[in-house]
Amino acid sequence: MRVEYYRQHLRAAHDAMSKGVDLRGYYAWSLLDNYEWSLGYSKRFGIVHVDYSTQQRTIKSSGRYYTSVIASKGGVLAK
């Protein structure tokens, strides 16, 4: 679901830029990420999974998708 969320929003941003909108950046964040602060370790958010016992970070599928958008300079967003 998170990959689809990013796909839809980044395509909308890409479309807006192609129509002349001066969009200079995008931050991979959502309002739900704020709830992490109040829920402690009981719920997971974000595009990177953290193993709290080892501090090892693993990029989630949404993070890999976001990486592909950056690496292709938005090319994967073209319909």
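Is tyrosine 6 buried or exposed, and at what relative accessibility? At 0% relative accessibility, tyrosine 6 counts as buried, and the views below, all taken from a predicted model, place this residue among its partners.

**View 1. Tyrosine 5 and tyrosine 6 form an aromatic pair.** The structure holds three aromatic pairs. In the pair shown here, which is edge-to-face, the rings of tyrosine 5 and tyrosine 6 lie 5.4 Å apart, centre to centre, with 75° between their planes. While tyrosine 6 is buried, tyrosine 5 is partly exposed, having a relative accessible area of 29%.

**View 2. Tyrosine 26 and tyrosine 66 form a tilted pair.** The ring centres of tyrosine 26 and tyrosine 66 are 6.2 Å apart and their planes stand at 50°, so the pair is described as tilted. Because tyrosine 26 lies in the loop between H1 and H2 whereas tyrosine 66 lies in helix H3, this pair ties together parts that are 40 residues apart in sequence. Tyrosine 26 is partly exposed, with a relative accessible area of 31%, whereas tyrosine 66, at 14% relative accessibility, counts as buried. Taken with the residues of the previous view, Tyr5, Tyr6, Tyr26 and Tyr66 form one aromatic cluster.

**View 3. Glutamate 4 and arginine 7 meet in a salt bridge.** Side chains of opposite charge can pair when their charged atoms come close. Here the side chains of glutamate 4 and arginine 7 meet at 2.8 Å, taken from N to O, and, because these residues are three apart in helix H1, they are separated by about one helical turn. Glutamate 4 is partly exposed at 35% relative accessibility, and arginine 7 is also partly exposed, with a relative accessible area of 24%. Arginine 7 has a further partner in tyrosine 65, since it lies over the face of that residue, at 4.9 Å from the ring centre.

**View 4. Aspartate 22 and arginine 24 meet in a salt bridge.** A search of the whole structure finds two salt bridges, and one of them joins the side chains of arginine 24 and aspartate 22 at 2.8 Å, N to O. Aspartate 22 is placed in the loop between helix H1 (2-18) and H2, and its relative accessible area of 54% makes it exposed. Both aspartate 22 and arginine 24 are exposed.

**View 5. Confidence varies among the elements of the chain.** The chain averages a pLDDT of 86, and 86% of the residues score at least 70. Helix H2 (residues 35-39) has the lowest mean pLDDT among the elements, 66, whereas helix H3 (residues 61-71) has the highest, 94.

Conventions. Residues are numbered from 1 along each chain as its sequence is written. This is a predicted model: local features need pLDDT of at least 70, side-chain atom pairs count only at pLDDT 80 or more; totals for chains, interfaces and linings use all residues. Side-chain values use heavy atoms; hydrogens and water are left out. pLDDT is the predictor's confidence in each residue, from 0 to 100. Helices (H or I, at least four residues) and strands (E, at least two) are DSSP runs, numbered from the N terminus. Buried means under 20% relative accessible area, exposed over 50%, partly exposed in between (1.4 Å probe, protein chains only). A salt bridge is a side-chain nitrogen of Lys or Arg within 4 Å of a carboxyl oxygen of Asp or Glu. Rings of Phe, Tyr and Trp (its six-membered ring) pair if their centres lie within 6.5 Å; planes under 30 degrees apart count as stacked, over 60 as edge-to-face and the rest as tilted. A charge sits over a ring if NZ of Lys or CZ of Arg is within 6 Å of the ring centre and within 35 degrees of the ring normal.
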